[in-house]
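Got the model open in your viewer? Let's walk through it one selection at a time.

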Amino acid sequence: MKTLGILGGMSPESTVSYYVNINRAVNQALGGNASAKILMSSVNFEEIAQCQKQGHWQQAGEILSEQARLLEQAGAEGILLATNTMHKVANQITDTISVPFLHILDCVAKAIQAKGISKVALLGTQFTMSDNFYCDGLLERGITPIVPDESTQKEIHRIIFDELCLGKIEQNSKDFYLKTIEDLIALGAESVILGCTEIGLLIQQKDCRLPFFDTAALHSQMAAEFILNE
């Protein structure tokens with residue numbers, strides 16, 4: 001079994017789901033009381049969020065890169081960044097470490113391609129939906145993202161930070177997300193990427209007629225496979 005280093009805390013709500021899902025997958029594979037060997041650095045999300053709001057991505061990347069380096073020094077054999085948005089600074093992290101980096105877009109694209117789907121609705125923070133790092137990453141992997149208009153993006157973003165990151169689940173917000181998905185279906189979406197690791201706390205597959213690709217769940221499965229692959 002390999003030891004995985006997790007960069008977490010962005011937000012704590014979704015990091016909990018990573019920890020639980022990775023350990024469950026490892027236990028299902030090995031049985032008994034087996035659990036994953038995990039090292040975690042849980043950062044202060046307020047510090048990262050302020051960097052995001054102020055456009056200080058280099059500074060945020062430096063914070064995460066330093067934590068990744070410390071995880072590697074502590075014995076991590078691979079690094080996982082437990083958030084979608086901060087993959088904007090993935091290159092800063094990979095430049096700092098010598099162990100594998102488990103990129104969230106690799107497992108998401110693989111799952112989508114396995115279903116023969118090419119056009120996907122993308123929901124996430126406004127950074128994820130509007131900045132090139134995520135959409136271009138999908139296009140490079142043969143997947144065309146369809147995103148909401150700017151005003152809808154802002155409300156999706158607000159719900160993530162003001163509610164989901166704080167563990168608040170509101171029915172009105174759920175309805176808004178599902179209405180947004182219906183609008184993106186009308187634009188040709190064949191499936192939905194839950195492109196923020198908190199969104200799966202609000203809406204689930206049973207809520208929608210299109211296939212969901214829950215990035216947190218897919219990333220957790222990728223992590224478990226890495227841990228188990230000697």
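How many residues does helix α10 have, and how far does it reach from its first C-alpha to its last? Select residues 215-228 to find out: helix α10 has 14 residues and reaches 20 Å, close to the 20 Å expected at 1.5 Å a residue. Keep in mind throughout that you are looking at a predicted model.

**Stop 1: helix α10**

Stay on this helix and turn on side chains. The buried residues here are Thr215, Ala216, His219, Ser220, Ala223, Ala224, Phe226 and Ile227. An α-helix has 3.6 residues a turn, so residues three or four places apart point the same way. Now go to the start of α10, where a side-chain oxygen of Asp214 comes to within 3.1 Å of the backbone nitrogen of Ala216.

Next, pick Ala223, which sits in helix α10. Ala223 counts as buried because its relative accessible area is 0%, and buried means under 20%. What does Ala223 touch, once you skip residues up to four places away in sequence? Show Leu4, Ile22, Leu80 and Leu102, and you have its contacts. For a longer jump, measure over to Pro100: the two C-alpha atoms are 11 Å apart, though Ala223 and Pro100 are separated by 123 residues along the chain.

**Stop 2: His103**

From α10, hop over to His103, using His219 as your bridge: His103 touches His219 and Met222, along with His87, Ala90 and Arg141, not counting residues up to four places away in sequence. His103 is in the loop between β4 (101-102) and α5 (104-114). Is His103 buried or exposed? It is buried, with a relative accessible area of 16%. Draw a distance from the side chain of His103 to the backbone nitrogen of Leu105 and you should get 3.1 Å.

**Stop 3: salt bridges**

Side chains of opposite charge can pair when their charged atoms come close. The count for this model comes to 11 salt bridges. Here are some to select.

- Asp106 and Arg141: you already met Arg141 as a contact of His103. The side chains of Asp106 and Arg141 meet in a salt bridge at 3.0 Å, N to O. This pair links distant parts of the chain, with Asp106 in helix α5 and Arg141 in the loop between α7 and β6 (144-146), 35 residues apart. Asp106 is partly exposed at 37% relative accessibility, and Arg141 is partly exposed at 23%.
- Asp131 and Lys88: this salt bridge is 3.2 Å, N to O. Asp131 lies in the loop between α6 (126-130) and α7 (132-140), while Lys88 lies in the loop between β3 (78-81) and α4 (90-96), so the pair ties together parts that are 43 residues apart in sequence. Lys88 is partly exposed, at 30% relative accessibility.
- Arg209 and Glu182: their side chains meet in a salt bridge at 2.9 Å, N to O. Arg209 is in the loop between β7 (191-194) and β8 (212-214) and Glu182 is in helix α9 (residues 171-185), so here too the pair links distant parts of the chain, 27 residues apart. Arg209 counts as exposed at 60% relative accessibility, whereas Glu182 is partly exposed at 33%.

Then select Glu155, Arg158, Asp162 and Glu163 together: these four are linked in a network of salt bridges.

**Stop 4: Ser11 and Ser14**

Most peptide bonds are trans. Zoom in on Met10 and Ser11, and you'll find a cis peptide bond joining them, with omega about 5°. Ser11 is in the loop between β1 (3-8) and α1.

Move on to Ser14, in helix α1. Ser14 is buried, at 0% relative accessibility. Which residue's side chain does the side chain of Ser14 join in a polar contact? Thr197, at 3.1 Å. Leaving aside neighbours within four places in sequence, Ser14 is in contact with Ala82, Thr197 and Glu198.

**Stop 5: a patch on the surface**

Finish with a surface view and color Val16, Tyr19, Val20 and Met40. Together they form a nonpolar patch with about 340 Å² of accessible area. Its largest share, three residues, comes from helix α1 (residues 12-30). Met40 is in strand β2 (residues 37-42) and counts as partly exposed at 37% relative accessibility.

Methods:
Residues are numbered from 1 along each chain as its sequence is written. This is a predicted model: local features need pLDDT of at least 70, side-chain atom pairs count only at pLDDT 80 or more; totals for chains, interfaces and linings use all residues. Side-chain values use heavy atoms; hydrogens and water are left out. Patches are made of residues with over 30% relative accessible area and no salt bridge: like charges are joined within 9 Å, nonpolar side chains (Val, Leu, Ile, Met, Phe, Trp, Tyr) within 5 Å. Accessible areas come from the Shrake-Rupley method with a 1.4 Å probe; for residues, only the protein chains shown count as cover. Helices (H or I, at least four residues) and strands (E, at least two) are DSSP runs, numbered from the N terminus. Buried means under 20% relative accessible area, exposed over 50%, partly exposed in between (1.4 Å probe, protein chains only). The expected span of a helix is 1.5 Å times one less than its number of residues. A polar contact is a pair of N or O atoms within 3.5 Å; within protein, one must be able to donate a hydrogen and the other to accept it, and residues adjacent in sequence count only if both atoms are side-chain atoms. Contact means heavy atoms within 4.5 Å.
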